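Reader: I've got this one open on my screen and I'd like to go through it with you. Let's start with the empty spaces and then move on to the ligand and a few odd spots in the backbone.

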Amino acid sequence: MSEEHGKPGQGIGARVPRKEDSRHLHGRGQYVSDTVIPGQREVAFLRSPVAHGIIRGIRKPANSEGRVFTRADLAEAKDIVAPSTLPTYKLSGQPPLAHGKVRFVGEPVVMCVARTRAEAEDLCEQVELDIEELPALVDSDVARFEKSNRVHEDWDDNLFLTLSADNGFDALSKKATVVVNREVELSRQAMVPMEGKAVVAYWDERADQLIMYYSTQTPHIVRTGIAQFLGLDEGQVRIIAPDVGGGFGYKVIVHPEELSVAWLAMKYRKPFRWIEDRREHLVSGANARQHHYRLTAYADDKGRLLALDAEITIDGGAYSNWPFTIGLEPGQATGNLPGPYDFQGYRCKTYCVATNKPGFMPYRGVARTGVCFAMELLMDAIARAVDRDPYEVRMENLVRPEQMPYDNVVKKHYDSGNYPAALALAREKFDHSKWAERQKKGEPDGRKIGIGYASYCEQSAHGTSVFATWGLPLVPGYDQSAVKLTPDGGLEVRVGVHSHGQGMETTFAQLAHEILGIDVQKIKITHGDTGTTPYSTGTYASRSIVMAGGATLKACQELIPRIVKIGAFLLGCKEDEARFDKALGVVGPDGRAVELKEICTVWYLRPDRAPLDVDRRGLEVSVSYKPDRDTGAFSYASHAVAVAVDTETGQVEILDYVIAEDCGTLVNPMVVEGQTLGGVAQGIGTAMYEEIQYDANGQPNASTLADYLLPGPTEIPNMRIYHMETPSPYTMYGIKGMGEGGAIAPPAVIFNAVNDALRATGVEVSKTPLTPHRLLEEIERARHQQMPKREAA
Amino acid sequence: MKAAAFEYLKPQDVPGAVKALAGSAGDAKPLGGGQSLGPMLNLRLARPKLLVDVSRLEAMRTIEDKGAFWRIGGAVTHSAIEDANLAGCTVMSDVARNIAYRTIRNRGTIGGSLAHADPAADWPLALPALAATIVIAGPAGERSVPAGKFMKGAFATELAEDELVVAVEVPKLSPGARWGYWKFCRKTGEFPEASAAMLMDPERKLARLWVGALDGAPQSLDALAADIAMRGTQAVSETSVSAALDLAVPGQEPVSRRLHVTAVRRAVQKGFN
Ligand SMILES: Cc1cc2nc3c(=O)[nH]c(=O)nc-3n(C[C@H](O)[C@H](O)[C@H](O)COP(=O)(O)OP(=O)(O)OC[C@H]3O[C@@H](n4cnc5c(N)ncnc54)[C@H](O)[C@@H]3O)c2cc1C
């Protein structure tokens, strides 16, 4: 897949095989739905069949007491309300079960409980809903201006919030000699983790706790949410996230179904289980990516961007989510649109509009897939306008290494990197001239070859200061790591973040190994349980390896003097004469060594052999960490692709896909590659397949995987990944986050390649996904537009 | 997404299956591989009271060489056809190989596919083009229908509620026959958006051209097929195919038309390559 990149050993930079893979590959993973609590009852939800309406009545079947619940029954549960300090932000309370109104197709209205899921669904069928339908608000461009028909009655329009930025726009736009307008759009999609939402909840009488097995990326903040919305003390709630089959942002949110099931367990003190099925996911989880951009670029004759004017409309759906709020998406869109480019004039207005669709949520790459798509299509459009190679125009505009660290037009602080070098590396490895020649020569089967590039930078591991500007009710601070040596010389690491596929059981062990030299197989990572791990806001925003990883590195470092103290005593030398060696243990001045294992044995089992003035804090420690400068460590990449476009079918085949990426110091190149592959696969989904369309009544057109296409193994090309390593100056070991990056560039790079292939035909596509149907429509339109011209000639 | 409750019956033989179907007044359905019926049960779009599992009936699971034709049981799976060595009918394996994915082919059956009658499915297009015959069993015994007459429309067939597809009979191709089959799928394993099949078998005086993945049942383009029989690929152009489709499938929107023109042209091209 790529040139072998990696250091020997098991520490930072080594290609250590993932420790967790054995259980996953043998089908021995443990997910929420593998949890069986004796006597557990199954839960099903009756969901709104209409997009917008007033609930006039709900008739429960006879004798369904204690088995069928509406909002009125859930008296102890509060509505999910996510406050925000962003100006113009309006509150939208989301009841655990719809109340008064339904606001999207798939909104849970009634909860039914039975011995089996099928019987719970039978019960749902017996409930009668009387809903008076209201006209649905489906198009965000319409809803934005609509004042009489509103998603939330207590608002005076349909705007969640409006953001704006204006930095140096007027002065710089005036200097432009080239003005380029484009409109680009992304469709609504679902995140489709392999495992959907899932909860098993029961009351543990002995602990006097609500225990929830919960498929989440963020157990600690979910606990805060559940406790708040049920009026419990946090100590009365324990969240256990076992193996999580993908999250992508869907699982950083407290969802109404989860709250409803928590209420059942609290109320009835029995176990209840709800496992989201694929249909529920597609219908009520259609919550991501839908942005609309109107862009004007002001450039000079060389294609150097001087100023950018943007209007962004985000189709926010019906509710703001807790705790990330709907403000996150417009905030990130407005702030990240300038991308990796050096220009000083920027004006942006971002509208986040309420519509009758599921509420928008942060999906891998949060807003950046959209802004990268917008910016990179614009770069190619500028190149066309000034008649230059899009690669050259990018080079003209990218932030240069000597400008680093660089504060961009919206004061984002790019910490380090060589953006042009990544683009150049992508072009070189891609072998641009080979593809250009093939393009010129033409394909024997008549397909058209296209070449595309896209560059982006990705804010990762941003901390308190950044999240505070997005107005969230809950801002991440320091992450903790608790490490403990075991009597036999192993290590236990407890962190509050949670892996949902990222391989953190391996990479965190590598970090600990880097400091203490313990075999990674003897390092056990515990995460995903509020009962056993220190507090963290969790895993999202490409933050875990920098934040909780940094804390782990620091914690391991803190153990060393304590280890040396015991070791020196055993060696009979002074503490300052001894040193710690990862391979040998504690080494004395004469070269004699005492193994770490021996030191652990002494502390735990034979304290009679320990020095009298031994460090009494022992061989365990909890340390907190966040980078001193927490504005983020920016990873970045350039992608290059070649496509073949069949103009008779609209089919696009990806012939080559090259990624040149830099995520700072690589902890495990193989894991970085795995994350990149998965991200790109999702990005290809956004680019070419995934889409939920709504009709005028707000009915979604895709509710099963027969209608909602995902790329499969034969649609994902072999990717070639190349690494650069520019350490971040702000983080431990220069590590940057990178979990989201892969999903950012694919729509941009694929559309640019397709537009390149079709340049002669005048077709320029700019709406995801690029279905054959959409492409054929454009081709047919261009054919008809060109016909008269040809006749005239 | 769990099915409503139903009873399950595993009959001993074909008459037993037919009897069970006949005895339950339209509330029963045969179960083949369950690859189409399963999702419909789970979505509660189909709510039979009784499922009569025909997928294990030996009489419907055999493939027999009958000399001039192959007789393939109605419960034979797509992958069994894919793996079979059907002398004179290897094109059947080629068609089977491109249905869905192997896991679905391992269960999905040819009889189930025909009875389900999805307009975009492969067998409802390939079998008429191959001039095959569908063998149906009912309370009155067996009867045969030409494959081209079996499907009546989208998800509608010749079958009565108490009838089964027990077999298909596929005539062997002459050595000089030309077969072309082409379909356009958005991705591997998806149902096609346009498909076409051509058989030119001069020895058997057969010239057949069918187009599928329409709103209704696949359609034959007889005049164009006859022209191809006389003039070969010269008979095929954008204009001639469009004209043929205008007659057989009037009123298609432009994108579908483009795809079907492409499908017909490429199927013919494949046949002559
Ligand atoms: C993801 C996916 C992709 C697919 N892709 C394709 C494709 O590319 N091309 C294609 O052609 N098909 C495709 N299929 C359909 C597949 O071929 C199924 O096997 C077929 O449609 C139904 O066959 P079955 O044996 O599973 O029938 P079942 O699902 O068991 O039954 C289907 C219907 O036929 C009836 N029935 C079943 N057997 C008989 C019988 N012997 N006599 C009378 N009635 C019967 C049932 O009562 C039911 O109404 C796909 C299916 C899936 C799930």
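Reader: How do the residues of the lining of the second largest cavity divide by class?

Author: Keep in mind that this is a predicted model: local features need pLDDT of at least 70, side-chain atom pairs count only at pLDDT 80 or more, and totals for chains, interfaces and linings use all residues. Residues are numbered from 1 along each chain as written, chains are lettered from A and ligands numbered from 1 in written order, and side-chain values use heavy atoms without hydrogens or water. Here Ala, Val, Leu, Ile, Met, Phe, Trp, Tyr, Cys and Pro count as nonpolar, Asp, Glu, Lys and Arg as charged, and the rest, Gly included, as polar. Sorted that way, the lining of the second largest cavity has 11 nonpolar, 3 polar and 2 charged residues.

Reader: What volume does the second largest cavity have?

Author: A cavity is a set of points, on a 1 Å grid over the protein atoms alone, where a 1.4 Å probe fits but can't get out, and lining residues have an atom within 4 Å of a point. The volume is the space filled by probe spheres set on the points, which are joined across faces, edges and corners. For the second largest cavity that comes to about 100 Å³.

Reader: Which of the residues that line the second largest cavity are the closest to its centre?

Author: There are 16 residues to choose from in that lining. The ones closest to the centre are A:Asn336, A:Gly339, A:Pro340, A:Val371 and A:Cys457.

Reader: Which element gives the most to the lining of the second largest cavity?

Author: Helices (H or I, at least four residues) and strands (E, at least two) are DSSP runs numbered from the N terminus. Two elements of chain A give two or more residues to this lining, helix H9 (368–386) and strand E20 (448–460). The top giver, with 5 residues, is H9(A).

Reader: Which residues that line the largest cavity are the closest to its centre?

Author: The structure holds 6 cavities of 30 Å³ or more, and the largest has a volume of about 140 Å³. Its lining has 16 residues, and the closest to the centre are A:Gln94, A:Phe104, A:His255, A:Ser284 and A:Met361.

Reader: Why does the largest cavity lie between two domains?

Author: Check who gives residues to the lining (the domain bounds come from an automatic or database assignment). The cavity lies between two domains of chain A because both give residues to its lining: domain 1 (191–284) and domain 2 (291–465 + 629–783).

Reader: Which residues come nearest to the ligand?

Author: The shell around the ligand holds 14 nonpolar, 12 polar and 5 charged residues, and its largest share, 4 residues, comes from H6(B). A residue is near if one of its heavy atoms lies within 4 Å. Of the 31 residues around the ligand, those that come nearest are B:Pro30, B:Gly34, B:Leu37, B:Thr109 and B:Asp122.

Reader: How much of the ligand's exposed area does the protein bury?

Author: Look at the polar contacts (N or O atoms within 3.5 Å): ligand oxygen atoms are 2.5 Å from a polar backbone atom of B:Pro30, 2.7 Å from one of B:Gly33 and 2.6 Å from one of B:Leu37. Taken alone, the ligand exposes 960 Å² (Shrake-Rupley method, 1.4 Å probe), and the share the protein buries is 92%.

Reader: Where is A:Pro323 found?

Author: The peptide bond leading into this proline from A:Trp322 is cis, with omega near 5°. As for its place, A:Pro323 is in the loop between strand E16 (305–317) and helix H8 (328–336) of chain A.

Reader: Where does A:Pro405 lie?

Author: A:Met404 and A:Pro405 are joined by a cis peptide bond too, with omega about -10°. A:Pro405 sits in the loop between helix H10 (390–397) and strand E18 (406–407) of chain A.

Reader: What is the phi of A:Arg289?

Author: Find the loop between strand E14 (286–288) and strand E15 (291–299) of chain A, which holds A:Arg289. This residue is not a glycine, yet its phi is positive, near 75°.

Methods: A polar contact is a pair of N or O atoms within 3.5 Å; within protein, one must be able to donate a hydrogen and the other to accept it, and residues adjacent in sequence count only if both atoms are side-chain atoms. On a 1 Å grid over the protein atoms alone, a cavity is a set of points where a 1.4 Å probe fits but cannot get out, and a pocket is an open set with protein on both sides within 12 Å along at least five of seven lines; lining residues have an atom within 4 Å of a point.
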